[in-house]
Amino acid sequence: MDVDGGSTSDATTEVRSIPIHSGRSKAYYQFTQQSLPACKPVLTPKWIISTFLLLGVICIPIGLVTLQASRNVVEIVDRYDTECIPEAYKSNRMSYIKDSSILKNCSRILKVHKYMKAPIYVYYQLDNFYQNHRRYVKSRSDKQLLYGLKYNDTSSCAPEELNNGLPVVPCGLIAWSLFNDTFTFIHGRKELKVNRKNIAWKSDRDHKFGKKIYPFNFQNGTLIGGGNLDPNIPQS
């Protein structure tokens with residue numbers, strides 16, 4: 001009721017709430033609203049040329065040192081598999097490899113035309129050997145290589161897991177396709193000693209392969225793939 005007889009109206013006041021952001025929420029808000037501070041350098045020709053010149057000054061000496069070190073490496077490659085097969089077996093190499101009654105000694109002459117600084121490393125290379133094939137990689141037992149006959153589950157070693165009903169140690173295609181070539185180096189009339197120690201990682205020797213794991217029932221069948229292991233000598 002208006003005492004003065006005049007009309008009255010309710011005045012509504014709109015209150016706008018201002019959000020208060022914490023440090024993390026503020027950063028998230030700026031990220032979602034794409035209002036983060038950014039650096040936008042202007043790539044002028046002068047700036048680009050200076051940058052490339054600086055990189056060239058740094059990289060060229062490194063490249064020259066690397067090139068010189070690469071040229072000082074002395075490498076001798078000799079493929080002997082084709083040269084060491086007798087002429088009578090050239091057309092049937094597989095029969096020559098499988099015939100255990102034939103001695104497979106072969107002598108090769110390597111000419112060193114440049115001084116080789118010690119230590120000298122010896123490597124062998126295998127071609128057309130698909131060691132990354134899934135079935136080949138899975139055909140092994142890591143626990144058997146660690147515990148030997150104490151671990152009897154050889155199901156992962158198929159198809160070379162059992163022989164005459166007994167487990168094979170070491171089992172699997174990887175062990176069965178053992179590369180058994182041996183090398184002897186002679187300089188003049190003196191045989192050079194080849195150090196075969198510490199060629200495996202220490203972690204593998206200590207934690208992956210057992211030290212007293214002896215071969216058992218290995219390659220006693222008619223088909224031989226690799227070398228015969230001495231059951232009295234541990235695999236390590």
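**Group meeting: salt bridges and a buried serine**

Hi everyone, let's start with Asp81, which is partly exposed, with a relative accessible area of 35%. Before I go on, please keep in mind that this is a predicted model.

So what does Asp81 pair with? Its side chain meets that of Arg79 in a salt bridge, at 2.9 Å from N to O. Arg79 itself is exposed, at 54% relative accessible area.

That pair belongs to a set: the structure holds four salt bridges. Another of them joins Arg108 to Asp78, and here the closest N and O atoms are 3.0 Å apart. This one links distant parts of the chain, with the two residues 30 apart in sequence. You'll find Arg108 in the loop between helix H3 (93–98) and H4, while Asp78 is in the loop between helix H2 (45–71) and H3. Both ends count as partly exposed: Arg108 has a relative accessible area of 39%, and Asp78 has 29%.

A third bridge to look at is Asp142 with Arg140, where the closest N and O atoms are 2.9 Å apart. Asp142 is partly exposed at 40%, and so is Arg140 at 25%.

Now, scroll to Ser139, please. Is Ser139 buried or exposed? It counts as buried, because its relative accessibility is 0%, and the cut-off for buried is under 20%. Ser139 sits in the loop between helix H4 (134–138) and helix H5 (142–147). Which backbone oxygen does its side chain reach? That of Ala158, at 3.1 Å. Beyond its sequence neighbours, Ser139 also touches several other residues, including Ser156, Cys157, Cys171 and Leu173.

Thanks, folks, happy to chat!

Methods
Residues numbered from 1 in each chain as written. Predicted model: local features only at pLDDT ≥ 70, side-chain atom pairs only at ≥ 80, totals over all residues. Heavy atoms only, no water. Helix = DSSP H or I, 4+ residues; strand = E, 2+ residues; numbered from the N terminus. Buried < 20%, exposed > 50% of the residue type's maximum accessible area, 1.4 Å probe, protein only. Polar contact = N/O pair within 3.5 Å; in protein donor to acceptor, adjacent residues only side chain to side chain. Contact = heavy atoms within 4.5 Å. Lists of a residue's contacts leave out its neighbours within four places in sequence.
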